2 protein chains.
Amino acid sequence: MDNEFCPVHEAIQFLQEKWVLHIVRSLLEGPRGFNDLSRAVGGCNPATLAQRLDRLVDIGVVDKEVQSVMPPRTLYRLTPAGQSLQQVIIAIDAWATRYLRQEADRGAVCGTKDVAAESL
Amino acid sequence: MDNEFCPVHEAIQFLQEKWVLHIVRSLLEGPRGFNDLSRAVGGCNPATLAQRLDRLVDIGVVDKEVQSVMPPRTLYRLTPAGQSLQQVIIAIDAWATRYLRQEADRGAVCGTKDVAAESL
DNA sequence: TTGAATCGCTTTGAAATGTCAAGTAGTATA
DNA sequence: TATACTACTTGACATTTCAAAGCGATTCAA
């Protein structure tokens with residue numbers, strides 16, 4: 001066993017948590033409130049979303065700004081560290097566009113469906 | 001609702017499955033057998049690993065080559081689509097190295113070697 | 001020759017994680 | 001007045017992941 005710290009491993013560990021990449025992607029479009037974000041992400045239930053956001057704030061990727069408690073009004077926005085995750089999204093985008101595009105014809109829909117791409 | 005096909009969303013959906021990025025990263029170092037891969041990934045139990053690999057094969061990211069059934073000998077290797085995921089790993093690597101390094105003090109541990117850094 | 005280790009998994013039952021529906025208090029809109 | 005919106009929380013339920021054991025067969029070390 002090596003006790004060496006590995007940033008990539010850490011990063012993968014946290015990026016692979018369910019909804020994290022979707023949340024970041026939504027926030028790249030701009031700051032949002034909780035429900036707005038929930039809708040943008042699509043399909044993540046509030047309990048999970050709240051927990052994920054807490055974690056993202058902890059890690060320093062998202063900033064939470066409570067504008068007023070009652071009526072409730074909160075804004076979640078990416079920190080610089082969060083914004084720089086855009087490079088990761090871009091890489092995923094490039095990969096996806098190249099290797100997943102053919103799926104469009106088979107009737108796949110943005111949201112929940114199964115991915116089954118053929119390799120070259 | 002958009003019925004438009006969204007490759008990025010699809011890609012995120014599958015990349016966020018637990019262990020997927022770790023598996024891809026391990027396979028970037030070269031083809032491996034099941035147990036070897038399991039060790040390289042570190043911490044993924046065989047049931048999950050088997051299921052994940054099936055899915056990766058389905059999607060066309062990994063190629064499974066059964067060399068002999070008994071004694072068992074199997075090789076998992078990345079397809080071209082899989083190899084091109086290296087760009088994603090590289091992006092994560094870049095981000096992690098920049099924003100996660102300070103975490104070292106908190107005692108994080110890494111199991112595998114750094115692949116992507118060399119290609120930078 | 002016996003015993004241990006390795007291979008690629010599968011099976012088990014329990015634990016962790018994620019999801020769902022409903023509900024909270026207060027404001028704004030219809 | 002009635003409904004919808006805000007940001008969440010709660011508790012019950014469903015799904016996913018877990019560690020451990022085991023499988024038949026072969027290879028290797030004692």
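## Surface near DNA strand D

G33(A), N35(A), P72(A), T74(A) and T48(B) come nearest among the 22 residues around DNA strand D. The model is predicted. Both chains contribute to this surface. From chain A, helix 3 (34-41), helix 4 and strand 2 (73-78) each supply at least two residues. From chain B, helix 4 also supplies at least two.

By class, the surface near DNA strand D holds 12 nonpolar, 6 polar and 4 charged residues.

## Surface near DNA strand C

Around DNA strand C there are 21 residues. T48(A), G33(B), F34(B), N35(B) and P72(B) come nearest. Here chain B provides helix 3 (34-41), helix 4 (46-59) and strand 2 (73-78), each with at least two residues. Chain A provides at least two residues from helix 4 (46-59).

The class split for the surface near DNA strand C is 12 nonpolar, 5 polar and 4 charged.

## Layout of chain A

Chain A has 6 helices and 2 strands. Along the sequence, these elements follow the pattern α-α-α-α-β-β-α-α. Of the 120 residues in chain A, 32% are buried. Contacts in chain A with a separation of 6 or more can be split by distance along the chain: residues 24 or more positions apart account for 42% of them.

## Helix 2 of chain A

Helix 2 of chain A spans residues 20-28 and is mostly covered. Of its 9 residues, 8 are buried. These are V20(A), L21(A), H22(A), I23(A), V24(A), R25(A), S26(A) and L27(A). Just after helix 2 of chain A comes G30(A), with a positive phi of about 140°.

## V41(B) and its surroundings

V41(B) belongs to helix 3 of chain B. V41(B) has 22 C-beta neighbours inside 10 Å, so this residue counts as buried; the cut-off is 20 or more.

Which residues touch V41(B), leaving aside its neighbours within four places in sequence? The contacts are W19(B), H22(B), I23(B), S26(B) and L49(B). L27(B) is 14 residues away from V41(B) along the chain, and their C-alpha atoms are separated by 9.2 Å.

## The hairpin of chain B

Strand 1 of chain B covers residues 62-68. Strand 1 pairs with strand 2 of chain B in the antiparallel sense, over 6 bridges. K64(B) has Y76(B), in strand 2 of chain B, as its bridge partner. Together, strand 1 and strand 2 of chain B form a hairpin, with 4 residues between them.

Strand 2 of chain B also appears above. This strand supplies at least two residues of the surface near DNA strand C.

## Helix 6 against helix 6

Helix 6 of chain A and helix 6 of chain B each run over residues 86-99. Their axes come within 8 Å and cross at roughly 180°. Angles over 145 degrees count as roughly antiparallel, so helix 6 of chain A is roughly antiparallel to helix 6 of chain B.

Which residues of the two helices meet? Chain A brings Q87(A), V88(A), A91(A), I92(A), A94(A) and W95(A) from helix 6. They meet Q87(B), V88(B), A91(B), I92(B), A94(B) and W95(B) in helix 6 of chain B. The contact of helix 6 of chain A with helix 6 of chain B has 10 nonpolar residues, 2 polar and no charged.

Key. Residues numbered from 1 in each chain as written. Chains lettered and ligands numbered in written order. Predicted model: local features only at pLDDT ≥ 70, side-chain atom pairs only at ≥ 80, totals over all residues. Near = placed C-beta within 6 Å. Nonpolar A, V, L, I, M, F, W, Y, C, P; charged D, E, K, R; others polar. Buried ≥ 20, exposed ≤ 12 C-beta atoms within 10 Å, placed from the backbone. Pairing = 2+ DSSP bridges. Axes fitted to C-alpha atoms, helices over the stretch in contact; angles between N-to-C directions. Parallel < 35°, antiparallel > 145°, perpendicular 65-115°, else oblique. Contact = placed C-beta atoms within 7 Å.
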